[in-house]
Amino acid sequence: MPQDARSDAAARARWRRYLADERAEGAVYRELAQRRTGEEREILLALADAERRHEAHWVRLLGDDDGRMPRADLRTRLLAALARRFGSIFVLALAQQAEARSPYADDPDATRAMAADEKIHGEVVRGLAARGRRRLSGTFRAAVFGANDGLVSNLALVLGMAATGVDRSVVLFTGIAGLLAGALSMGAGEYVSVRSQRELLEASAPDPAARAALPDLDVDANELALVYRARGMDAAEATEHAGRVIAGVRAQGDATSTAIPTAHDDAEAVGTGMSAAISSFCFFASGALIPVLPYLFGADGAVALVVALVLVSVALLATGAVVGILSGASPLKRALRQLAIGLGAAAVTYVLGLLFGTTIG
């Protein structure tokens, strides 16, 4: 086959692959849109329309070429499957990574507008994913920290006790005691922490009763400007904005719809104390149970230790990968980091147990 023919065939194969990916990505956004309402739904449908424009570009280049269409790449097919079944923040986080890896910037057959679209799509999806992360961040933080703490602390406790050479039953009941004590401590601590944080945020929120004073403010003195400056506006902007607010209040004769802005609104991200406590308790307990399982089922000695290490390693890799996906980072790197930290802490405790066992022996 001549060189030009081979180049043309390779280009057409590449166009078909791009077309398949664009169709699959559009399907992902449409699936997600079906599970959203309001503004988020409109944004996702707009992204799907943009993918359809990109499809049209590759269709025009292919013309009447009816060659066999390839399947979309594995990551895009996975996104589509997850979107159909779950439509969750995980899909948006993965879509964020997919948009960031678009090849259009380096492909001479893609337009500059298409390459720019893909970069902007990444930021749009990042914004949508940030909304989801914000909604679950309080409970998710408690869940991840609880599971990880349960895995690492109870593995360390079990390995440390096993290294001293005590009987299997002692290791088992020590692990169960560590599970219960740690889960109760984590739940109580998380409840106090989140409640305290919410109370601090509520103390910083504006008093709704202050709105009633707006119609009587002196326009020339305009004390409201000081409120806006205290909330972060510069002097000129605060004065101008406060003047507009007071003029509007006096024109309407009603201040009930006028809000004094807050500097931050983080109550949703913090979560509730009870949900955080329950998540922390349950996930700590589930994590702490894993290193105890071999002893529960009668294993002993080196076999029990190896099984516990394998089970905990798998769990650490899984929790690390989940954090990586949700944060838009590499799941593999986060998983390996979680594994290294967890096993490192357990190894130190095991060595201390060996030394302690030698000393008391």
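I take a residue as buried when its relative accessible area is under 20%. The model I consulted is a predicted one.

**Entry 1: aromatic pairs**

I looked up Trp-58 before anything else. Its relative accessibility is 0%, so I recorded Trp-58 as buried.

I then searched the whole structure for aromatic pairs and obtained three. In one of them, the ring centres of Tyr-18 and Tyr-104 lie 5.3 Å apart with the planes at 80°, so I entered this pair as edge-to-face. Tyr-18 belongs to helix H1 (residues 3–34), whereas Tyr-104 sits in the loop between helix H4 (89–100) and helix H5 (112–163); the pair therefore ties together parts 86 residues apart in sequence.

I next examined Trp-58 against Tyr-104. Their ring centres are 5.6 Å apart and their planes stand at 50°, so the pair is tilted. Trp-58 is in helix H2 (residues 38–62) and Tyr-104 in the loop between H4 and H5, so this pair ties together parts 46 residues apart in sequence.

Tyr-104 has 5% relative accessibility and therefore counts as buried. I noted that Tyr-18 is buried as well. Ring pairs thus link Tyr-18, Trp-58 and Tyr-104 into a cluster.

**Entry 2: nonpolar surface patch**

I turned to the surface and found a nonpolar patch of about 380 Å², made by Tyr-191, Val-192, Met-274 and Ile-278. Which helices supply at least two residues each of the nonpolar patch? I identified helix H6 (168–204) and helix H10 (273–289).

I checked one patch member individually. Ile-278 is placed in helix H10. Its relative accessible area is 46%, so I recorded Ile-278 as partly exposed.

Technical notes
Residues are numbered from 1 along each chain as its sequence is written. This is a predicted model: local features need pLDDT of at least 70, side-chain atom pairs count only at pLDDT 80 or more; totals for chains, interfaces and linings use all residues. Side-chain values use heavy atoms; hydrogens and water are left out. Patches are made of residues with over 30% relative accessible area and no salt bridge: like charges are joined within 9 Å, nonpolar side chains (Val, Leu, Ile, Met, Phe, Trp, Tyr) within 5 Å. Accessible areas come from the Shrake-Rupley method with a 1.4 Å probe; for residues, only the protein chains shown count as cover. A salt bridge is a side-chain nitrogen of Lys or Arg within 4 Å of a carboxyl oxygen of Asp or Glu. Helices (H or I, at least four residues) and strands (E, at least two) are DSSP runs, numbered from the N terminus. Buried means under 20% relative accessible area, exposed over 50%, partly exposed in between (1.4 Å probe, protein chains only). Rings of Phe, Tyr and Trp (its six-membered ring) pair if their centres lie within 6.5 Å; planes under 30 degrees apart count as stacked, over 60 as edge-to-face and the rest as tilted.
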